[in-house]
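Please take a moment with the sequence and the model that follow, and keep both in view while you read. The paragraphs below go from single residues to the whole chain.

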Amino acid sequence: MPAASPSVSDGFIAWIEGLPSSGKTTLSRTVAERLRAAGRKVEVLDGDEVRQMFSPELGFSRKDRELHARRVSYVARMLARNGVAVLVAMITPYETSRQAARAGVGPRFTEIWLKCSIDVCRQRDAKGLYERSRSGGVARLTGVDDPFEEPLAPDLVVDTGHLSVPEATKKILDHLVEKGWLAPMSPA
Ligand SMILES: Nc1ncnc2c1ncn2[C@@H]1O[C@H](COP(=O)(O)OP(=O)(O)OP(=O)(O)O)[C@@H](O)[C@H]1O
Ligand SMILES: [Mg+2]
């Protein structure tokens, strides 16, 4: 029997990446809220929380960041293939990690880059990381003394330096609707 074609309610992975304070946690939560309101099963795999659980022994070298991203993408795939809408909110500084996350998922993967200048991120400093980095309390902070490779092939770029949170949320939801993974919704 031929496999059923994917439906609008099947699982998917939206991999949301960007600099510290670019808005990953904020937007993964607002998008998750809207998806839940639409009756979807949703999981958010958010950077810090997931790191403590999955990779407490890892640091922030390239090798460790890539290994951590591989662990997260493995779990994201398991969830997505069981019908869950998975939002991954992770800095993901390396292109190799993004490509590895995409590989093996097929078309139900989208990469969303929250593009925001380092100056704006530093001003926001939602978790005080930039300040702590300045005073020597954090080493290898992405964007400051660790690299963030510009994404080569994101499916969506959201300019969180200029958009408001509701505007950026809408942009992501519209993208999911365009993908055919979410039924169009009436405005909030
Ligand atoms: N368009 C926008 N999208 C997302 N966040 C925005 C936007 N405009 C302003 N902000 C603000 O920017 C901050 C982003 O912080 P947030 O914790 O979401 O970043 P993050 O990318 O998860 O950082 P980290 O990598 O350190 O976890 C919040 O205070 C949020 O209110
Ligand atoms: Mg965050």
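Threonine 96 sits in helix α4, which covers residues 95-102, and in this predicted model its relative accessible area is 42%. Is such a residue buried, exposed or partly exposed? Threonine 96 counts as partly exposed, because its 42% falls between the limits of 20% and 50%. Once residues up to four places away in sequence are set aside, threonine 96 touches Arg62 and Glu66. Glutamate 149 stands 53 residues from threonine 96 along the chain, and the C-alpha atoms of the two are separated by 9.8 Å.

Leucine 87 belongs to strand β3, made of residues 85-89, and it is buried, with a relative accessible area of 0%. What does this side of the chain touch, if neighbours within four places in sequence are left aside? Leucine 87 is in contact with Ala14, Ser28, Val31, Ala32, Leu35, Val42, Glu43, Val44 and Leu45. A separation along the chain does not by itself tell you the distance in space, and a pair with leucine 87 lets you check this: arginine 140 is 53 residues away along the chain, and the two C-alpha atoms are separated by 25 Å.

Isoleucine 13, in strand β1, is likewise a residue to look for inside the model, since its relative accessibility of 1% makes it count as buried. Leaving aside neighbours within four places in sequence, the contacts of isoleucine 13 include Ala76, Ala80, Val86, Val88, Phe109 and Trp181. The C-alpha atom of isoleucine 13 is separated by 9.6 Å from that of proline 107, although their positions lie 94 residues apart in the count along the chain.

Following the chain onward from β1 (12-17), you reach the loop that leads to α1 (24-37), and leucine 19 has its place there. Is leucine 19 buried or exposed? At 11% relative accessibility it counts as buried, and among the residues it touches, not counting those up to four places away in sequence, are Lys24, Cys116, Cys121, Tyr130 and Phe148. Valine 144 is 125 residues from leucine 19 along the chain, with 9.8 Å between the two C-alpha atoms.

Serine 21 is found in this loop between β1 and α1 as well, and its 18% relative accessibility makes it count as buried. Its backbone deserves attention, for phi is near 75°, a positive value in a residue other than glycine. Most residues other than glycine have a negative phi. Arginine 140, in the loop between α6 (129-134) and β5 (156-159), also has a positive phi, of about 60°, although it is not a glycine. Arginine 140 counts as partly exposed, at 38% relative accessibility.

The two cysteines that leucine 19 touches, Cys116 and Cys121, raise a further point. A disulfide is a covalent bond between the sulfur atoms of two cysteines. A search of the whole structure finds zero disulfides. Cysteine 116 is in none, and its nearest cysteine sulfur, that of cysteine 121, is 3.7 Å away. Why is there no bond between cysteine 121 and cysteine 116? The 3.7 Å between their sulfurs is too far for a bond, because a disulfide requires sulfur atoms within 2.5 Å. Both residues are nevertheless inside, since cysteine 116 counts as buried at 10% relative accessibility and cysteine 121 counts as buried at 0%.

With these places located, turn to the whole chain. The protein has seven helices and five strands, and from the N terminus on they run β-α-β-α-α-β-α-β-α-α-β-α. Of the contacts with a separation of 6 or more, 75% come from residues 24 or more positions apart. A compact globule of 188 residues would have a radius of gyration near 16 Å, and the protein has 16 Å, so the two agree. Along its principal axes the C-alpha trace spans about 60 × 35 × 30 Å.

Of the 188 residues, 44% count as buried, while the protein exposes about 9900 Å², of which carbon and sulfur atoms supply 55%. As for charge, there are 27 positive and 24 negative side chains, and the centres of the two sets lie 3 Å apart.

Definitions and conventions. Residues are numbered from 1 along each chain as its sequence is written. Chains are lettered from A and ligands numbered from 1 in the order in which they are written. This is a predicted model: local features need pLDDT of at least 70, side-chain atom pairs count only at pLDDT 80 or more; totals for chains, interfaces and linings use all residues. Side-chain values use heavy atoms; hydrogens and water are left out. Helices (H or I, at least four residues) and strands (E, at least two) are DSSP runs, numbered from the N terminus. The radius of gyration is taken over C-alpha atoms; the globule rule is 2.2 Å times the number of residues to the power 0.38. Buried means under 20% relative accessible area, exposed over 50%, partly exposed in between (1.4 Å probe, protein chains only). Contact means heavy atoms within 4.5 Å. Accessible areas come from the Shrake-Rupley method with a 1.4 Å probe; for residues, only the protein chains shown count as cover. Lys and Arg count as positive and Asp and Glu as negative; His and the chain ends are not counted. The place of a charge is taken as NZ of Lys, CZ of Arg, CG of Asp or CD of Glu.
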